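Subject: Structure for your review

Dear colleague,

Please find below the structure that I am handing over to you. A summary of what was found in it follows directly after.

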Amino acid sequence: INQWEYLTAYTQNGDWPIDNNPVEREIRPMAVGGYNWMFSDTPKGADTSALILV
């Protein structure tokens, strides 16, 4: 109840989207890739993974 002002703030400005699906779609490849690359066995493999994420 004490967060109601923040929860409904987007209704004061019609330019703000209700959801953040476009942003989530943009970062999904990086999030999935980061989880997959978490198991790099060598420093060279870790460096390569870091370059791909940048």
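I begin with one position in the second helix: Gly 33 lies in helix H2. The model is a predicted one, and in it Gly 33 is buried, because its relative accessible area is 7%, under the 20% that sets the limit for a buried residue. Gly 33 and Ser 49 are separated by 16 residues in sequence, while their C-alpha atoms are 8.8 Å apart in space.

As to the overall fold, the protein contains three helices and zero strands. Read from the N terminus, the order of the elements is α-α-α. Helix H1 covers residues 4-7 and helix H2 covers residues 21-36, and helix H3 comprises residues 43-53.

On confidence, the mean pLDDT of the protein is 80, and 87% of the residues reach at least 70. Among the elements, H1 has the highest mean pLDDT, at 86, and H3 the lowest, at 79.

Turning to the surface, the protein exposes about 5200 Å², of which carbon and sulfur atoms supply 61%. Of the 54 residues in the protein, 4% are buried.

Which residues make the nonpolar surface patch? The patch is formed by Tyr 10, Trp 16 and Ile 18, and has an area of about 360 Å².

Trp 16, one of the residues of that patch, deserves a separate paragraph. Trp 16 sits in the loop between H1 and H2. Is Trp 16 buried or partly exposed? Trp 16 counts as partly exposed because its relative accessibility is 46%, a value that falls between the limits of 20% for buried and 50% for exposed. When residues up to four places away in sequence are left out, Trp 16 touches Ala 9 and Tyr 10. Tyr 10 is thus named twice for Trp 16: as a contact and as a fellow member of the nonpolar patch.

Yours sincerely,

A colleague

Definitions and conventions. Residues are numbered from 1 along each chain as its sequence is written. This is a predicted model: local features need pLDDT of at least 70, side-chain atom pairs count only at pLDDT 80 or more; totals for chains, interfaces and linings use all residues. Side-chain values use heavy atoms; hydrogens and water are left out. Patches are made of residues with over 30% relative accessible area and no salt bridge: like charges are joined within 9 Å, nonpolar side chains (Val, Leu, Ile, Met, Phe, Trp, Tyr) within 5 Å. Accessible areas come from the Shrake-Rupley method with a 1.4 Å probe; for residues, only the protein chains shown count as cover. A salt bridge is a side-chain nitrogen of Lys or Arg within 4 Å of a carboxyl oxygen of Asp or Glu. Helices (H or I, at least four residues) and strands (E, at least two) are DSSP runs, numbered from the N terminus. Buried means under 20% relative accessible area, exposed over 50%, partly exposed in between (1.4 Å probe, protein chains only). pLDDT is the predictor's confidence in each residue, from 0 to 100. Contact means heavy atoms within 4.5 Å.
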